[in-house]
Amino acid sequence: MTKGLFLLSAASILLANISTVHAEGIIHTPRSCESEFKGQPQGFEKRLNIIAIRDLKNEKDEEIVRVKGKVTKYFGDDKYEFTDENGDTIEIELNRDKDWSFVHKDDTIEVIAQYDKQFFSADSLDVKCALPPEHPMTQIGTRIPPRTNRRL
């Protein structure tokens, strides 16, 4: 009897939280960037500060970086041009296996991406997630686990 009552109260609390989330419209916000890295060991995260595109040359290949700017051009397939507030540009890749419908041309967003340093062609960013600047995660900063041998 007590077990059944406990399960019933837990289910009602869960349903109340789901309806609150839906009523506030949170359900329509982009997927959390932290969910991209779930399953990683805790306590080893590094805080990612926003970096300018011109400073990416100081980063290592396959480093996870955070950049703020706008999607300004479409190159075809899943390739776009990303421009930061300094006017510097870099090619980004928005993989088709994710929903990017909340990203609009010329709207400011923050992206967390893997930096692909190239020797014979232009560098690029493989975007893992993107957030509009008014999203709560962009206000407090994003904590990302250190790079592992596993592909993201």
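User: How many salt bridges does the structure hold?

Analyst: The structure, which is a predicted model, holds 7 salt bridges. One of them joins the side chains of Asp 88 and Arg 54.

User: What makes the contact between Asp 88 and Arg 54 a salt bridge?

Analyst: Their side chains meet at 2.8 Å, N to O. The cut-off is 4 Å between a side-chain nitrogen of Lys or Arg and a carboxyl oxygen of Asp or Glu, so the pair qualifies.

User: Why can we say that this pair ties together parts that are apart in sequence?

Analyst: Asp 88 sits in the loop between strand 3 (79-84) and strand 4 (89-93), while Arg 54 belongs to the loop between strand 1 (46-48) and strand 2 (64-76), so the salt bridge ties together parts that are 34 residues apart in sequence.

User: Why are Asp 88 and Arg 54 called partly exposed?

Analyst: Buried means under 20% relative accessible area and exposed means over 50%. Asp 88 has 21% and Arg 54 has 43%. Both values lie between those limits, so both residues are partly exposed.

User: How do you know whether Arg 66 and Glu 110 are buried or exposed?

Analyst: The same cut-off applies: under 20% counts as buried. Arg 66 has a relative accessibility of 5% and Glu 110 has 7%, so both are buried. Their side chains also meet in a salt bridge at 2.6 Å, N to O. That pair links distant parts of the chain, with Arg 66 in strand 2 and Glu 110 in strand 5 (residues 108-116), 44 residues apart.

User: How are strand 2 and strand 5 joined?

Analyst: They run antiparallel, with 7 bridges between them. At least two bridges are needed for a pair, so strand 2 and strand 5 count as paired. Within this pairing, Arg 66 stands opposite Ile 112 in strand 5. The two strands also belong to a barrel: 5 strands close in the order 2-3-4-6-5, with mixed pairing. From one strand to the next, the twist averages 60 degrees.

User: Why does the contact of Lys 105 with Asp 106 count as a salt bridge at 3.9 Å?

Analyst: The N to O distance is 3.9 Å, and the limit is 4 Å, so the pair is within it. Lys 105 has 58% relative accessible area, which is over 50%, so Lys 105 is exposed. Asp 106, with 39%, is partly exposed. Elsewhere, Asp 78, Lys 79 and Glu 93 are joined into one network by salt bridges that share partners.

User: What makes Tyr 74 and Tyr 80 a tilted aromatic pair?

Analyst: Their centres are 4.9 Å apart and their planes are at 45 degrees. Ring centres must lie within 6.5 Å, and an angle that is neither under 30 degrees nor over 60 counts as tilted, so the label fits. The count comes to 2 aromatic pairs. In the pair of Trp 100 and Phe 102, the centres are 6.5 Å apart and the planes are at 40 degrees, so this pair is tilted too.

User: How accessible are Trp 100 and Phe 102?

Analyst: Trp 100 has 13% relative accessibility and counts as buried. Phe 102 has 24%, which makes it partly exposed. Tyr 80, from the pair with Tyr 74, is partly exposed at 23%.

User: Which residues touch the most other members of the largest nonpolar core?

Analyst: Of its 19 residues, these are Leu 56, Val 67, Phe 82, Ile 90, Ile 92 and Leu 125. Strand 2, strand 4, strand 5 and strand 6 each give two or more residues to the core, and strand 5 gives the most, with 4. The contacts of Ile 90, leaving aside neighbours within four places in sequence, include Leu 56, Phe 82, Ser 124 and Leu 125.

User: Why is Ser 124 called buried?

Analyst: Its relative accessibility is 14%, which is under 20%, so Ser 124 counts as buried. Ser 124 lies in strand 6 (residues 124-131). Beyond neighbours within four places in sequence, Ser 124 is in contact with Ile 90, Glu 91, Gln 114, Tyr 115 and Asp 116.

User: What does the protein as a whole look like in secondary structure and burial?

Analyst: There are 2 helices and 7 strands, running α-β-β-β-β-β-β-α-β from the N terminus. Of the 152 residues, 35% count as buried. Among contacts between residues at least 6 apart in sequence, 60% join residues at least 24 apart.

Conventions: Residues are numbered from 1 along each chain as its sequence is written. This is a predicted model: local features need pLDDT of at least 70, side-chain atom pairs count only at pLDDT 80 or more; totals for chains, interfaces and linings use all residues. Side-chain values use heavy atoms; hydrogens and water are left out. Buried means under 20% relative accessible area, exposed over 50%, partly exposed in between (1.4 Å probe, protein chains only). Axes are lines fitted to C-alpha atoms, for helices over the stretch in contact, and angles run from 0 to 180 degrees between N-to-C directions. Rings of Phe, Tyr and Trp (its six-membered ring) pair if their centres lie within 6.5 Å; planes under 30 degrees apart count as stacked, over 60 as edge-to-face and the rest as tilted. Contact means heavy atoms within 4.5 Å. A nonpolar core is a set of buried Ala, Val, Leu, Ile, Met, Phe, Trp, Tyr and Cys residues joined through side-chain atoms within 4.5 Å.
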